[in-house]
Amino acid sequence: MSNKLTRRVLSCAVASSALITAIGALTPAMAQIEEIIVTSQKREQSIQSIPISVTAFDASALESKQIDSFSDLQFNTPNVTFSKTNFTGSNFTIRGIGSAAIAASGDGGVGIHVNDAPMKTAALFETEYFDIERLEILRGPQGTLFGRNATGGVVNMITAKPTDKFELQTSISIGNYDHQKISAVINLPLGDNFGIRLAGLDLTRSGYTENIHTGNDVDGRDQYAVRGSIRWTPGDATTIDFMYSYYDEESNRSRTTKQLCHRDPTAILGCLPDKLAFETTNGWATLGGILTSDEILQGQTHNLGLGSIFADPDAYAGAVNPRDLRKVAADFEPEYASDEKLWTLQYQREFDAHTLTLVGSQKEARSRTFTDYNWAVNAPFAKDPFTVLTAAGLPIDAALYASGIPISKVTDASTGILGGNIKSFDSQPDAYDQSGGSSEQWTFEARLASDLDGSINYLIGGLLMHTESEGEYNVIASSLDYASLALAANGVQAGTNDFLNAPLEFGDVGYVTFLANPSDGIGLMTPYFVNGTFANELDAWGIFGEAYFEVNDEFKITAGIRVNDDEKTVLDRNTLLASGVVPISDDDTIAATLSASPPVPAFHQDTNQWQEVTGRLLFEWTPDLGRTDDTLIYASYSRGYKGGGFNPPAPFGDTPLTFDPEFINAFEIGMKNTMMNNTLTANFTAFTYDYEGFQVSKIVNRTAQNENIDAKIWGLEAEFVYSPSERWLSNLTVSFLDTEITDADSVDGRDPTDGLAGYILIKDLSNASNCVFDPGAMDIATATAFITGAGALPFGTTVVPGLPSAGAFTTCDGVQSAIDFFDGTAPLGWTVGEAEITSGNAHDLSGNSLQNSPEWSFNIGSQRTFFYDSGYELTARVDYYKQGEMFARIYNKPIDKIDSWGMLNLSATLVSPEQNWEMKAFVQNVMDDDNITGHYFTDPSSGNFTNVFVLEPRLYGLTITNKF
């Protein structure tokens, strides 16, 4: 924090202390618990009177509990976790259910709504809350009351509406990390039946992370958001609400916090599977490293390689990875650009015994993010590319390296270095990734709710939703740029993503058929990785409803049903060095060259439809206890559903085109109690889920592969609020969660051998993937001889530290072709017919926990308000959250474990006698802990590194609010 800002904070703190001293004596106060009104059942009700597990926060609670953003909800809601994810997204889980799948066509397990309108995607973690009327978090399957179906639950954000009183409020906040936030609200009543409300927020701060390579801070913020709302009541029975919001950010926000790896010296894996360490991956394990190696680029009369896998240091040898989660050493610093436009419109008309509600929405969003791919400063190539290319007689290629090492710039044409689109030149190779896209959606929903005098009532409704999006994820590396030139020069033709010719006969050791003389001025398209979704559409409709039967004054039965129909269409492609040989020229010339033949690889286009009927059955009992206490007891069964989707395109391998939908049978019992003259609320919930087809993801063959697993989930939740007097308000939530995967297995990319001996782990020299050679009846010595004959480099196997199985450099297809060549014969005593190449040994997941699902968590908060004779009020508040250990992946290996962590927040708020200004001092994450919320594990072609996501460090500051 700057000295100037420090002085400002300290000056305000001193002034606050002096003002508190001058306020005067305390005055007595009366007890109360404010009633929170929610619309979870599409009618206004007290939160204590609805038979649903719901936690709600009004504007006052959001402020006092320091719930500034979506991630803060986990500190105040039972069985909720939140983590950012690798591709400009996030995973918000309720009772272990969230968004574990990675696919443009995938749906979230937790439905996000704004003013009752469902959002396919939303800038959840990007913006801070401002001018919010209420946040509701419903736990458990939803879909029979409103919006889009959801298996885990629903978060509904209700923005503040215009009122019939003039209001002007401004707020200024300053703090460490040069934090400066300004927000304002103005409410303008225009006559008796029309009002306008305008609100806005501007936030800037420096980064939480230091880049020791440049000396700059990264992961900062520079964003603003505005919102306009209109309320029109043309009659006593009609209300029309319109809201428009816009958000924009241009900052150096980082999608990930830190990259960790226990370096593998052999490069078979890149990172070892035993632990996460402050080291970097082995560059020879990456695709760029392999394809620029001497072993691959050795021609008939020349060698275009830039170093040997077995003799030269790799790109990250000696790279510094600071032993601090808040420090990185990176060539490139993040860039983050995002904007979103959203409007919602709600029409509500009350009739004699019915209420008609119409809700419409439209949203447009764009984003582009850019991050150093390995959070490391690369070492120079072992050989200088300009010198190598010049010596080989390739002056056109060499000219690209005359000013240093270039790296491609991402453009719509994806030509990169070949089309003259160069981001920068450097003295060493670099790598970065870029994620971006755009989306549009519209929704329309209609609901009709009855209010009849008899014992039967009902709600019926329907939803139409259309979304469309497009986006790309790119990985750009200097090594891949060079490989584009060198492979084309040596005569490699595009057409597949396996760049090398696998040996077809036992004993071959050649990997590429090279030209006698290399060709100059050509390259393989695309020179960087492109995983593109060029069209992704969803057309969904749902019909839903509930019937309510009041057996008597105490007992009520609810039956609900929903019909779901999702039609999804996708057009996508995954390409790298596989789209054709083109001249080094301009974008138009390259495009003309490629247009002469069909695109390679071909675009994947598909349409699929998922339909399902779901529902719920609910029994609720409100016993007359003969006193002022109120009790609600309920039991429910819900059938939930989430549609399937399309796996992102895979360049090779056998990744399925689609993944299946999810189904959940949920049973829940609960009790809500209001006691002791409305000074105590005590709510209890027990639930059990039978989950079928839970969607999880892993990175395989340079793409996301989504799988379905079954699971059993059960848990307990308790929520208490106690206010013995107006001076004291305390809250406590306690959660227990048990998640267990049933009867499933999956190959773990961290260690495809699954820690078993007797196998040979292969590093594939054609695509940098891993596969496993099962030698069958051969002993390891014989298997090693066999691998050597099938082309293993350097003619044998190697010992991978910590693994009981050996490793080898060869091609998976080459070994398989050697197995096929013998076709069951047994020369030299080998029983080759039992040998096979597999993607790996499947790891038994049975009994494992779901990811991001701590077994226990609790939150305790308390505030003390001091009332003074002079009219001032001072409220001091403390909040503490603690969660148990959890696993970042479903494999539940020691390396996947995230330790238990806690969060302590403090605040003190002084309010003036006229309630027209207040001053708040706050501290968040008092202990300055580096709390990890999630992991992202990549694939072998990137070196098996792990990105981790960390919560914000200690933040402190002062907020001054004025109300007029």
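Where does Asp116 lie? Asp116 sits in the loop between β6 and β7, and we'll come back to that spot once the overall picture is in place. One thing to keep in mind throughout: this is a predicted model.

## The chain as a whole

Let's start with the broad strokes. The secondary structure adds up to 10 helices and 52 strands. Along its principal axes, the C-alpha trace spans about 95 × 65 × 50 Å. The radius of gyration is 31 Å, which agrees with the value near 30 Å that a compact globule of 964 residues would have.

Of those 964 residues, 58% are buried. If you take the contacts with a separation of 6 or more, 72% of them come from residues 24 or more positions apart.

## Surface and charge

The chain exposes about 36,300 Å², and carbon and sulfur atoms supply 54% of that area. As for charge, there are 123 negative side chains and 61 positive ones. The centres of these two sets lie 7 Å apart.

## The loop between β6 and β7

Back to the opening spot. Asp116 shares its loop with Asn115, which is likewise placed between β6 (110–114) and β7 (117–119). Most residues other than glycine have a negative phi. Asn115, though not a glycine, has a positive phi of about 50 degrees, and Asp116, also not a glycine, has a positive phi of about 75 degrees.

Buried or exposed, then, for Asn115? Asn115 counts as buried, because its relative accessibility is 6% and the cut-off for buried is under 20%. Asp116 is buried too, with a relative accessible area of 6%.

## Strands β26, β27 and β29

Further along the chain there's a run of antiparallel pairing. Strand β26 (residues 529–550) is joined to β27 (residues 555–575) by 20 bridges, and the two run antiparallel. A hairpin of four residues makes the connection between β26 and β27. One of the pairings to look for is Val530, whose bridge partner in β27 is Thr575.

β27 also pairs with β29 (residues 604–621): 18 bridges join them, again in an antiparallel arrangement. Here Asp572 has His604 in β29 as its bridge partner.

Ala559 is a handy residue for seeing β27 up close, as it lies in that strand. Leaving aside neighbours within four places in sequence, Ala559 is in contact with Gly545, Glu546 and Ala547, and also with Arg616 and Leu617. With a relative accessible area of 37%, Ala559 is partly exposed, since that category falls between the 20% and 50% cut-offs. If you want a sense of distance, try Glu335: Ala559 and Glu335 are 224 residues apart along the chain, and their C-alpha atoms are separated by 50 Å.

## A cis peptide and strand β28

Most peptide bonds are trans. Here, though, a cis peptide bond joins Met525 and Thr526, with omega at about -10 degrees. Thr526 is in the loop between β25 (522–525) and β26.

Which residue of β28 is the bridge partner of Met525? Gly580 is. Four bridges join β25 to β28, and these strands run antiparallel. Strand β28 (residues 580–583) has two faces: Gly580 and Val582 make up the covered one, while Val581 and Pro583 are on the uncovered one.

## Two buried strand residues

Gly715 is found in strand β35 (residues 703–725). Gly715 is buried, with a relative accessible area of 0%. Not counting residues up to four places away in sequence, Gly715 touches Thr685, Ala686 and Phe687, along with Phe736 and Leu737. Thr688 is 27 residues from Gly715 in sequence, with 6.6 Å between their C-alpha atoms.

How about Lys181? This lysine is in strand β11 (residues 179–189). Lys181 is buried, with a relative accessible area of 17%, because the buried category takes in anything under 20%. Setting aside neighbours within four places in sequence, the residues in contact with Lys181 include Glu128 and Asp202. Ser171, Ile172 and Ser173 are in contact with Lys181 as well, as are Leu201 and Leu203. From C-alpha to C-alpha, Lys181 and Ser171 are 7.9 Å apart in space, and 10 residues apart in sequence.

Conventions
Residues numbered from 1 in each chain as written. Predicted model: local features only at pLDDT ≥ 70, side-chain atom pairs only at ≥ 80, totals over all residues. Heavy atoms only, no water. Rg over C-alpha atoms; globule rule 2.2 N^0.38 Å. Buried < 20%, exposed > 50% of the residue type's maximum accessible area, 1.4 Å probe, protein only. Contact = heavy atoms within 4.5 Å. Areas by Shrake-Rupley, 256 points an atom, 1.4 Å probe, with all protein chains shown as cover. Lys, Arg positive; Asp, Glu negative; His and termini not counted. Charge placed at Lys NZ, Arg CZ, Asp CG, Glu CD. Pairing = 2+ DSSP bridges.
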